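Reader: Before us is a model whose descriptive terms I should like to see justified. Please set each value against its criterion and then conclude.

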Amino acid sequence: MKNKFAVFGNPIRQSLSPQIHQQFASQHALTISYERVLSDNTGFTSDINEFFKNGGTGCNITAPFKEPAYEMCAELTEHAKRAQAVNTLYKNDSDQLCGHNTDGGGLLRDLTTNLGLSLKDSHIIVLGAGGATRGILQPLIDQGPARITIINRTLAKAQTLANEFGDVFSIEAVAADSIPTDLPAADLLLNATSASLEAKLPVTNSAIISDNTFCYDLSYASEPTRFLQWTKECGCRHNHDGRGMLVEQAALAFTSWHKLEVSTKTLINNFEDLKAQ
Ligand code: ATR
């Protein structure tokens, strides 16, 4: 019986993955176990190996282990290769460790299916040039935008990412403290920095947004993040946090393990109830 799952991270207490996966399982009357596992840098590889040795079917990986998990895999999906990070692990028929990344796909499902956004010919501005940005660039490029700009505090990191994707799209790299005055406002502004975790603003230049800019923070919190407070203050009408992305990336992981589709709408609409469980 394929029923043993877990999420590995550090910290891990805050993870809502167990509740989300239990709700998906109940949609199909499946009985699963899904644990939170606190790991650390020295023990991570052996923790994963132990988990599968002890009958684990699949696991999710959260910060800060998505890159170490990627390094461990014998087989990688295209999304994982591009992201150079893995948030979903399972074994193939030859008992090899396989890695997938559902973060970018989850974001795109939330933006396009749930929120009705079309990215064709749009200008997308991504704030941040770390692992979160690397994980979402390919699915964004796949939507056919006209322009993608990465704005980052450290210009060199934005340039490195732009170069990495240079074979598929010409991405512009911009320093957060010297945004060109002729940069057009974004149709979609994504906050993929970790600034929300410290309640900080990654940019303060309101020329990058207009009333119609669709603003999305990959982070989520009970209160609007500092970034979404700012976009609202600037007059943006569309302001969303990353709760939909969280549920959708989990749905894609669930489908990759169980080969079953799940409904996400109720979970996203009642997201606050998840935390109470
Ligand atoms: P993750 O894997 O979550 O993307 P990361 O690789 O550490 O984490 O990247 C964090 C990103 O958030 C980086 O782009 C970082 O900017 P720098 O490259 O200049 O370090 C950005 N970031 C973090 N805190 C920030 C802050 N207070 N203001 C602006 N950008 C911030």
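Reader: Leaving aside neighbours within four places in sequence, which residues is leucine 188 in contact with?

Author: The model is a predicted one. In it, leucine 188 is in contact with Leu111, Leu117, Leu119, His123, Ile124, Ile125, Leu140, Thr213, Phe214 and Tyr216, its neighbours within four places in sequence being left aside. Each of these qualifies because contact requires heavy atoms within 4.5 Å.

Reader: Which members of the largest nonpolar core touch the most other members?

Author: The largest nonpolar core has 27 residues, and those touching the most other members are Leu107, Ile136, Leu140, Ile171, Leu188, Leu190 and Tyr216. At least two residues each come from α5 (103–114), β7 (123–127), α6 (131–141), β8 (147–152), α7 (155–164), β10 (188–191) and β11 (214–217). The most is given by α6, with 4 residues. A second, separate core consists of 23 residues, including Ala253, Trp257, Val262 and Phe271. As a general matter, nonpolar side chains tend to be buried together in soluble globular proteins.

Reader: What makes the buried residues of α7 line one face of the helix?

Author: The buried residues of α7 are Ala158, Leu161 and Ala162. Viewed down the axis of α7, these buried residues fall within an arc of 100 degrees, so they line one face of the helix. The general background is that an α-helix has 3.6 residues a turn, so residues three or four places apart point the same way. The buried residues of α7 pack against α6, β8 and β9 (172–175).

Reader: How many cavities of 30 Å³ or more does a search of the whole structure find, and which residues line the largest cavity?

Author: The search of the whole structure finds 1 cavity of 30 Å³ or more. The largest cavity holds about 50 Å³ of space. Its lining is formed by His79, Arg82, Ala83, Asn101, Gly104, Gly105, Arg134, Gly135, Gln138 and Pro139. At least two lining residues come from each of α4 (78–83), α5 and α6, and α6 gives the most, with 4 residues. By class, the lining divides into 2 nonpolar, 6 polar and 2 charged residues.

Reader: Why is glutamine 138 called buried?

Author: The relative accessible area of glutamine 138 is 15%. Buried means under 20%, so glutamine 138 is buried. Glutamine 138 is placed in helix α6, and is one of the residues lining the largest cavity. Leaving aside neighbours within four places in sequence, glutamine 138 is in contact with Arg82, Phe165 and Val168.

Reader: Is glycine 43 buried or exposed, and where does it lie?

Author: Glycine 43 lies in the loop between β2 (33–38) and α2 (44–53). With a relative accessible area of 14%, against a limit of under 20%, glycine 43 is therefore buried. Its C-alpha atom is separated by 11 Å from that of glycine 9, the two residues being 34 apart along the chain.

Reader: What makes aspartate 93 an exposed residue?

Author: Its relative accessible area is 86%. Exposed means over 50%, so aspartate 93 is exposed. Aspartate 93 is found in the loop between β5 (88–91) and β6 (97–100). The C-alpha atoms of aspartate 93 and glutamate 172 are separated by 42 Å, with their positions 79 residues apart along the chain.

Reader: What is the phi of aspartate 121, and why is this residue counted as exposed?

Author: Phi of aspartate 121 is near 60 degrees, a positive value in a residue other than glycine. The loop between α5 and β7 contains aspartate 121. Its relative accessibility is 55%, and exposed means over 50%, so aspartate 121 counts as exposed. Alanine 199, in the loop between β10 and β11, has a positive phi of about 55 degrees although it is not a glycine. At 53% relative accessible area, alanine 199 is exposed.

Reader: Which omega values go with the cis peptide bonds at proline 11 and proline 64?

Author: From asparagine 10 to proline 11 the peptide bond is cis, with omega near 5 degrees. The bond joining alanine 63 and proline 64 is also cis, with omega about 5 degrees. Proline 11 lies in the loop between β1 (4–9) and α1 (17–27), and proline 64 in the loop between β3 (58–61) and α3 (66–72).

How values were computed. Residues are numbered from 1 along each chain as its sequence is written. This is a predicted model: local features need pLDDT of at least 70, side-chain atom pairs count only at pLDDT 80 or more; totals for chains, interfaces and linings use all residues. Side-chain values use heavy atoms; hydrogens and water are left out. A nonpolar core is a set of buried Ala, Val, Leu, Ile, Met, Phe, Trp, Tyr and Cys residues joined through side-chain atoms within 4.5 Å. Buried means under 20% relative accessible area, exposed over 50%, partly exposed in between (1.4 Å probe, protein chains only). The arc is that of the directions from the helix axis to the C-beta atoms. On a 1 Å grid over the protein atoms alone, a cavity is a set of points where a 1.4 Å probe fits but cannot get out, and a pocket is an open set with protein on both sides within 12 Å along at least five of seven lines; lining residues have an atom within 4 Å of a point. Grid points are joined across faces, edges and corners, and a volume is the space filled by probe spheres set on the points. Ala, Val, Leu, Ile, Met, Phe, Trp, Tyr, Cys and Pro count as nonpolar, Asp, Glu, Lys and Arg as charged, and the others, Gly among them, as polar.
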